[in-house]
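Dear colleague,

Please find the structure below. A summary of its interior follows, and I would be grateful if you would read the two side by side.

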Amino acid sequence: MSKTSRRNLLAAAAGAIATGVIADAAPAAAADAAVKPIFEVPLTWIPIVGEKEVFPVRRIYCIGRNYAAHAIERGSDPTREPPFFFQKPTDAIQTVAPGQVTDHPYPSLTKNYHHEVELIAALKSGGSNIAPEQALEHVYGYALGLDMTRRDLQNAMAGEKKPWEIGKSFDHAAVIGPIHPVAKVGHFTKGAISLAVNGKVRQSSDLSKMIWSVAEQIAKLSEAFELKAGDIIYSGTPENVGPVVKGDLLLAKLEGLPDVSIKIV
């Protein structure tokens, strides 16, 4: 997981106010800058391909059942169900460098741990009630990743009509490769996406089969939340999600981006 200290950020803000860089700073702003946390909370970030700067993560949004065949295998009717979303904590991020295999720990409590390969959109700006026609203007770049899921825990909570964060929101649950800026790769509306386990392809589809496009997802999310720079959106997984065990090697592929690979340990 990629993180850095907030100490330098607080020090820079305090220094800017003290030296007059922020000329119109109110007394309240100066007081805020002088506040000292009782402990440090690391900032989560994602590498950007070809850049020294990194992408700081504010929130992680995920859309559920966004490919028709996956919706059916999860017991939903894709022709009638509106989009729904859930979140993961930012510190669930596990970054994977291109060309490398990253060890991914098998989580506690589960006996049915599933893979879900997904395209991820990273936002550079946001707002509320964004029109679909303007939605992609807010996208900084894209990445390939895995929404890892403790399926047995998710199903148990869903069966009891309780929130199922325990199945989705845990350490290392948000696997992600580096972000590729739109300026270099364009927008992804189609392209083959797949996931293989130990060399055998399990998930295989095309981004064009999404029920809700990335633009539509951004628009729908912005009706419920004010989206901001630093938000990332896991855009849904194709059908044939399935279990993995310790020792399994996972290889995620998306046409136009480098592969992402992890080993379950």
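By class, how many nonpolar, polar and charged residues does the lining of the second largest cavity have? It has 7 nonpolar, 1 polar and 2 charged residues, where Ala, Val, Leu, Ile, Met, Phe, Trp, Tyr, Cys and Pro count as nonpolar, Asp, Glu, Lys and Arg as charged, and the others, Gly among them, as polar.

Please note that this is a predicted model, in which local features need pLDDT of at least 70 and side-chain atom pairs count only at pLDDT 80 or more, while totals for chains, interfaces and linings use all residues. Residues are numbered from 1 along each chain as its sequence is written, and side-chain values use heavy atoms, without hydrogens or water.

Cavities and pocket

On a 1 Å grid over the protein atoms alone, a cavity is a set of points where a 1.4 Å probe fits but cannot get out; a pocket is an open set with protein on both sides within 12 Å along at least five of seven lines; lining residues have an atom within 4 Å of a point. Points are joined across faces, edges and corners, and a volume is the space filled by probe spheres set on them.

The whole structure holds 3 cavities of 30 Å³ or more. The largest has about 110 Å³ of space. Among its 15 lining residues, Gly64, Arg65, His70, Gln154 and Lys168 lie nearest the centre, and the lining comprises 4 nonpolar, 4 polar and 7 charged residues. The second largest cavity, of about 50 Å³, has Gly64, Arg65, Pro82, Pro83 and Trp212 among its lining residues.

The second largest pocket has a volume of about 200 Å³. It is lined by 14 residues, with Phe84, Phe85, Phe86, Gln154 and Trp164 closest to its centre. Strand 5 gives the largest share of this lining, 3 residues; strands (E, at least two residues) and helices (H or I, at least four) are DSSP runs numbered from the N terminus.

Core and helix 8

The largest nonpolar core (buried Ala, Val, Leu, Ile, Met, Phe, Trp, Tyr and Cys residues joined through side-chain atoms within 4.5 Å) has 56 residues, and Leu146, Ile218, Ile232, Tyr234 and Leu250 have the most contacts inside it. Strand 9 (residues 117-123) gives the most to this core, with 6 residues.

Ile218 is also one of the buried residues (under 20% relative accessible area, 1.4 Å probe, protein chains only) of helix 8, residues 214-224. The buried residues of this helix pack against elements including strand 9, strand 10 and strand 16.

With kind regards

Definitions and conventions:
Buried means under 20% relative accessible area, exposed over 50%, partly exposed in between (1.4 Å probe, protein chains only). Contact means heavy atoms within 4.5 Å.
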